[in-house]
Amino acid sequence: MEVHQLIPCLVPGDAMGQAAVAWQKALRHLGYSGRLYAQEIAKGLESLAQPARRLAPAPDDLVLYHHGIASELAGRVMHLPCKRGVVFHNVTPARFYRGSRLAEPLVSGRAQLAALASFCDVSLGVSRFNARELEVAGHRNVHVVPLSVEPQRFLRAEADLPLLKSLEAGGRPLVVSVSRVVPHKRMEDLLSLHAELLRIAPKARLVIIGGLAKGHPEVKALEARAAALGHVTFLGRVSHSELVAAYRAADVFVSMSEHEGFGVPLVEAMAAELPVLAYGAAAVPETMGGRGIVFDEKHFAGLAELVKLVASDEKLRARLVKGQKERLSDFSVEATTAALGEALKPLEARAPAPRRRSTRPRVAFVVQRYGEDITGGAEAHARSVARRLSAKASVEVLTTCATDHLSWANELPPGTSRDGRVVVHRFPVERPRAMKAFNRLSDRVLGRPQDLMTEEQWLAAQGPIAPGLFRALSTRRDEWDAVVLFTYLYAPAQRGVPLVANKALVVPTAHDEPPLAFHSFADVFEKPRALLCNTPEEEALIRSRFPNAARSRIVGVGIEPEQGDAERFKKVFGLRGSYLLYLGRLEAGKGVPELVRYHQRLVKDFHDAPTLVLAGAGELLPTGEKIRTVGRLDESQKWDALSGALAVCVPSRYESLSLVTLEAFAVGTPVLGNAACEVVVGQLRRSKAGVAFHDAESFAEAVRAVGEERARLSKSGRAYAKRFGWDAIIEAYLEEIDRVRTTA
């Protein structure tokens with residue numbers, strides 16, 4: 001059974017859309033694949049959802065419809081040829097909008113809720129308050145599945161530092177409220193409280209966060225009153241880091257809303273360790289659960305005294321924060337996932353079929369690209385392990401139809417084929433990657449704390465998203481003893497690990513790069529049975545970013561050097577004299593432009609500088625004096641090139657292993673590595689077979705050192721490379737597979 005979600009709109013800042021994205025994560029944790037569909041998708045969020053018109057569920061699938069006010073999707077849900085469910089967040093009573101054009105849609109929205117009752121196999125309220133409304137509307141099989149919050153996203157370190165400092169530097173007490181400017185949110189009551197607070201604390205400030213309809217009469221009236229009072233700031237819509245800054249700088253969070261179906265800002269404030277004062281209407285008492293301060297009378301003078309007390313009494317504040325932290329456990333990802341799983345369990349079509357255990361393990365490999373002609377360290381690593389492991393296990397590979405890691409264009413036919421003993425299943429990629437748009441998104445997102453939706457937007461835009469692959473993982477997971485997933489960064493692993501967590505072995509190939517800061521990658525590092533790392537540096541990096549990471553083991557990769565013919569390589573490509581070799585993708589991210597720049601400085605300063613040979617395919621076509629670009633090399637040419645080089649250059653800052661470093665050592669060729677890459681520097685330090693560089697001057701010095709000490713470096717490299725034999729590597733994989741197999 002796949003579980004799809006259907007929502008009226010997916011736009012930034014919309015609570016329903018954020019909930020749907022969070023539920024996708026919870027559904028993956030439960031082992032369900034599925035997609036998100038929306039009638040309206042904001043520009044830039046197309047990677048997260050499909051248009052609602054494309055929803056075509058199988059009879060055994062479940063569609064969860066997040067009910068929106070008077071949405072026409074409700075009628076479509078009633079006629080879907082599959083299992084159906086409704087998720088009810090909230091419909092504000094029409095009495096709050098008397099005389100407004102919204103009053104009629106609100107009535108219609110509640111009528112739709114009642115009409116859906118007889119068509120739903122399961123009905124989910126995000127609070128007991130909403131669940132009761134479902135029951136009153138005639139729904140059966142009603143469950144409460146609360147929304148979740150990830151407290152790590154609201155730590156002080158996640159805050160926008162300039163805004164945090166600015167807010168902290170102002171007067172006190174500082175009150176913050178997060179709300180749209182609509183009648184039931186009672187923004188005018190916030191200003192009444194602020195007026196009383198100014199009377200007893202003249203430096204008090206009020207910060208209001210939320211969308212403002214500029215020019216609307218109600219908003220204009222609020223702004224006029226706020227200006228008259230003073231010390232009021234309307235921040236409008238803010239980024240996640242700005243929101244965290246406001247929470248973390250404030251003394252008290254105040255909600256005056258008179259109708260909350262759950263109260264997401266209340267829970268976010270609790271996660272940010274901010275005392276909450278909230279009017280106890282609708283679901284607010286349930287959400288607070290006896291924590292914080294819930295009041296049932298809007299006596300503004302008394303509330304102002306209370307705000308001042310909470311802001312000044314450290315012991316009281318600490319007690320409030322402690323109680324709120326305890327309450328957060330009910331809104332954890334784990335709690336939401338458990339409640340959702342309990343609600344959906346009766347809808348499962350069948351229990352997993354028992355499978356007879358054989359002496360030969362059955363293993364699935366998951367990797368974003370696969371094939372003899374696929375260039376890329378992780379992909380080559382995956383294929384090498386899969387082919388060798390297939391001598392002792394039944395191995396299947398689940399991959400995409402893509403060959404290009406930049407576009408993910410479907411170039412290979414979908415379906416099943418063979419690579420020796422390995423069975424290969426290829427699945428089409430949903431949509432190609434638009435690199436210009438993706439680069440713009442990366443510039444905006446990377447290096448800054450983000451909310452879950454923004455991280456998931458980037459991950460989906462990066463891709464490759466292959467729905468058939470995820471469906472196969474979900475439906476076939478009981479057929480395999482273990483599932484080995486490469487690499488942490490891409491969607492097949494990031495979305496695939498939760499689907500098969502109890503059988504997952506992850507080869508992360510992680511290095512210190514901006515996306516590793518995303519909290520969304522916790523699933524890859526914390527959910528599998530084990531992490532099979534390449535180097536001690538990679539293992540340490542993962543533990544520094546994800547302290548709760550799964551058990552890890554340094555396994556690495558094996559190498560089988562061939563006897564190269566240096567003179568043959570020189571003759572084929574018309575080379576004379578000594579040369580430095582770069583072997584890999586010709587991309588800026590691999591440090592190629594810097595390498596070329598350093599080499600050209602070397603050529604300018606030294607007449608006998610070696611030629612730089614660039615071997616590989618990619619977006620760059622470097623030119624310059626004593627530069628030769630030779631394109632992709634076949635396997636024998638690769639070993640010829642490695643054998644004849646004065647040194648191999650590894651200019652990349654981001655490596656989890658650097659296979660070419662080990663291959664160079666195996667044939668006695670020293671390595672010049674980027675000093676900013678801890679993994680390569682670690683390999684150079686342990687092997688004593690290379691030199692690090694960080695700029696043009698140190699690059700020149702490294703070339704000189706290699707020229708003078710090549711014999712010693714060569715001997716050290718060969719000795720070090722002998723540690724990386726394939727027999728030991730495959731034995732380590734078999735041990736981990738057996739551990740999963742015997743304890744699943």
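Select Phe-331 to begin: with a relative accessibility of 4%, this residue counts as buried (under 20% relative accessible area, where exposed is over 50% and partly exposed is in between, with a 1.4 Å probe and protein chains only). You're in a predicted model, where local features need pLDDT of at least 70, side-chain atom pairs count only at pLDDT 80 or more, and totals for chains, interfaces and linings use all residues. Residues are numbered from 1 along each chain as its sequence is written, and side-chain values use heavy atoms, leaving out hydrogens and water.

Now add Phe-262, buried too at 7% relative accessibility.

A search of the whole structure turns up 19 aromatic pairs (rings of Phe, Tyr and Trp, the last by its six-membered ring, with centres within 6.5 Å; planes under 30 degrees apart are stacked, over 60 edge-to-face, the rest tilted). Phe-262 and Phe-331 make one that is edge-to-face, 5.3 Å centre to centre with 85 degrees between the planes. Phe-262 sits in the loop between β11 (252-255) and α9 (264-271), and Phe-331 in the loop between α12 (314-328) and α13 (333-344), so the pair ties together parts 69 residues apart in sequence.

Hop over to Phe-693 and Phe-699, another edge-to-face pair: 5.2 Å between centres, planes at 80 degrees. Phe-693 is buried at 2% relative accessibility, and Phe-699 is buried at 0%.

Next, grab Phe-438, Trp-458, Tyr-488, Phe-518, Phe-521, Phe-525 and Phe-546, which ring pairs link into a cluster. Keep Phe-438 on screen and show Arg-433, which lies over its face at 4.9 Å from the ring centre (CZ of Arg or NZ of Lys within 6 Å of the centre and within 35 degrees of the ring normal).

Last stop: Lys-298 lies over the face of Tyr-279, 4.6 Å from the ring centre.

Definitions and conventions:
Helices (H or I, at least four residues) and strands (E, at least two) are DSSP runs, numbered from the N terminus.
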